[in-house]
Amino acid sequence: MANPLQAQAPTLLFFTNSRSGPARRMESLLAHLARKERSRLRIARIDAEEQPDWIERLKITEIPTLVLVKDRHPVGRLEGRVSAPQIERMIAPHLAPAEPEVAVASEPEVAVA
């Protein structure tokens, strides 16, 4: 598994396991967040049972846990089942500014006589 801490964008580590109901309920929330912030945030799912070294390294005591990592350092943490607004409040100060949407100019209307 590649080291998710080496990404340029902040990385949200999602610590989960197959037996955690609250973690399973957060899956769709994080999938939506991944699509919404795909250019500014990476999300890495880490199974606590398969990656015990990560659990020890970041001192994870509860599943689910979200740890926001920026420049190889943890900068935020949420434990237990959390809501989208809680996650957004944690990540917002660490995201690059959003790219402005580029308006596509339409063809000028030409009157045909």
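## Exercises on a four-strand sheet

β1 and β2 pair in the parallel sense over six bridges; two strands pair if DSSP finds at least two bridges between them. Helices (H or I, at least four residues) and strands (E, at least two) are DSSP runs, numbered from the N terminus.

Before you start: this is a predicted model, where local features need pLDDT of at least 70, side-chain atom pairs count only at pLDDT 80 or more, and totals for chains, interfaces and linings use all residues. Residues are numbered from 1 along each chain as its sequence is written, and side-chain values use heavy atoms, with hydrogens and water left out.

**Exercise 1.** Work out in which order the four strands form the open sheet.

*Solution.*
- Start with the pair above: β1 runs parallel to β2.
- Next, β1 (residues 11-16) pairs with β3 (residues 65-70), this time antiparallel, over five bridges. One anchor to look up is T11, whose bridge partner in β3 is V69.
- The order comes out as β2-β1-β3-β4, with mixed pairing.
- β2 (42-47) and β4 (73-79) are the edge strands, each pairing on one side only.

**Exercise 2.** Trace how the chain crosses from β1 to β2, and find the handedness.

*Solution.*
- The path goes through α1, giving a β-α-β crossover.
- It is right-handed: with the strands pointing away from the viewer, the path from the first strand over the helix to the second runs clockwise.
- Helix α1 (residues 21-36) lies across β1, β2 and β3, at about 160° to β1. Angles run from 0 to 180 degrees between N-to-C directions, with axes as lines fitted to C-alpha atoms, for helices over the stretch in contact (heavy atoms within 4.5 Å).

**Exercise 3.** Decide whether T16 is buried or exposed.

*Solution.*
- Place it: T16 lies in β1 and stands opposite D47 in β2.
- List what T16 touches, skipping residues up to four places away in sequence: A23, E27, R45, I46, D47, A48 and I63.
- T16 has 0% relative accessibility, so it counts as buried (under 20% relative accessible area; exposed is over 50%, partly exposed in between; 1.4 Å probe, protein chains only).

**Exercise 4.** Find which residues have the most contacts inside the largest nonpolar core.

*Solution.*
- A nonpolar core is a set of buried Ala, Val, Leu, Ile, Met, Phe, Trp, Tyr and Cys residues joined through side-chain atoms within 4.5 Å.
- This one has 15 residues, and L12, L66, I87 and I91 have the most contacts inside it.
- β1, α1, β3 and α3 each give two or more residues to this core, and α1 gives the most, with four.
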